[in-house]
Amino acid sequence: MISIVPVVLSLRGSVGCFVIGAIEVFNAFLVIMRLPFSAKSVAAKTIAQMVGGVDYFVIGIALLIFGYGIYELVISDLDPRIEGAGEQHANILSVNSVQSLKNNLSNVIVVGLIVAAFKKTIGFEVNNATDLLALCGSVAMLALSAWLIVAAMEPATSHKASVSSKARLWPHKKS
């Protein structure tokens, strides 16, 4: 019964983050509607505010995944159709073990970090070559982290499937 506490609190926190994110994005739209959009500082601040709203959405998604995963692991199986079926529906909310919950949360956290880094680079001014090199390095690191997330999510069976599809495209000659 104690397991229901983190589930309820994380789901309430998720809803709170969604509300805060929606308010941030809505306020950014109000700024766009009220002020002339010709000033560069207004544009940068508005975009930063929208990205901040997206950041709250990502945090809300992380809390939602955590609450859903704890509920599915500890309290109950959420989909009764899966009990009799031999196949598991694979999505980001499917949690079979604590390890899969940690993998899902780490993917969402990395996406949140990418959004936060994007928010910081909006107002970044390049004044010299070192600043430009730092900006390029951060973009390269973000691209690498996004690539690693995608590479980690691809199962090993997709490699076998791609090998078999290549074999169909280029059949071997019989000797």
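**Briefing: a six-helix chain**

Serine 100 lies in helix H4, where helices (H or I, at least four residues) and strands (E, at least two) are DSSP runs numbered from the N terminus. Please keep in mind that this is a predicted model, in which local features need pLDDT of at least 70 and side-chain atom pairs count only at pLDDT 80 or more, while totals for chains, interfaces and linings use all residues. Residues are numbered from 1 along each chain as its sequence is written, and side-chain values use heavy atoms, leaving out hydrogens and water.

**Overall picture**

- The protein chain has six helices and zero strands, so from the N terminus on its elements read α-α-α-α-α-α.
- Of the 175 residues in the protein chain, 21% are buried; here buried means under 20% relative accessible area, exposed means over 50%, and partly exposed falls in between (1.4 Å probe, protein chains only).
- About 12400 Å² of the protein chain is exposed, and carbon and sulfur atoms supply 70% of that area; accessible areas come from the Shrake-Rupley method with a 1.4 Å probe, and for residues only the protein chains shown count as cover.
- Contact means heavy atoms within 4.5 Å, and among contacts between residues at least 6 apart in sequence, 66% join residues at least 24 apart.

**Helices H1 and H4**

- The expected span of a helix is 1.5 Å times one less than its number of residues.
- For the 31 residues of H1 the expected span is 45 Å, and this agrees with its end C-alpha atoms, which are 45 Å apart.
- Helix H4 covers residues 98-122, and its 25 residues reach 36 Å from the first C-alpha to the last, close to the 36 Å expected.
- Buried positions in H1 are Val7, Ser10, Ser14, Cys17, Gly21, Val25 and Ala28.
- In H4 the buried set is Ser100, Leu101, Asn104, Leu105, Asn107, Val108, Gly112 and Val115.
- An α-helix has 3.6 residues a turn, so residues three or four places apart point the same way.

**Where H2 comes in**

- Aspartate 55 lies in helix H2 and counts as buried because its relative accessible area is 18%.
- Leaving aside residues up to four places away in sequence, aspartate 55 touches Gly112, Val115 and Ala116; Gly112 and Val115 also appear among the buried residues of H4.
- Serine 100 is buried too, at 17% relative accessibility; its C-alpha is 9.0 Å from that of glycine 69, although the two are 31 residues apart in sequence.
- Leucine 73, another residue of H2, is partly exposed because its relative accessible area is 30%.
- Leucine 73 and serine 97 are 24 residues apart in sequence and 6.8 Å apart in space, C-alpha to C-alpha.

**Nonpolar surface patch**

- Patches are made of residues with over 30% relative accessible area and no salt bridge, joining like charges within 9 Å and nonpolar side chains (Val, Leu, Ile, Met, Phe, Trp, Tyr) within 5 Å; a salt bridge is a side-chain nitrogen of Lys or Arg within 4 Å of a carboxyl oxygen of Asp or Glu.
- Ile2, Ile4, Val5, Val8, Leu9, Leu73, Val74, Ile75 and Val98 form a nonpolar patch of about 750 Å².
- Helix H1 (4-34) and helix H2 (40-75) each supply at least two of the patch residues, and the largest share, four residues, comes from H1.
- Valine 74, one of the patch members, sits in helix H2.

**Cysteines**

- The whole structure has zero disulfides, a disulfide being a pair of cysteine sulfur atoms within 2.5 Å.
- Cysteine 17 is buried, with a relative accessible area of 11%, whereas cysteine 136 is partly exposed at 46%.
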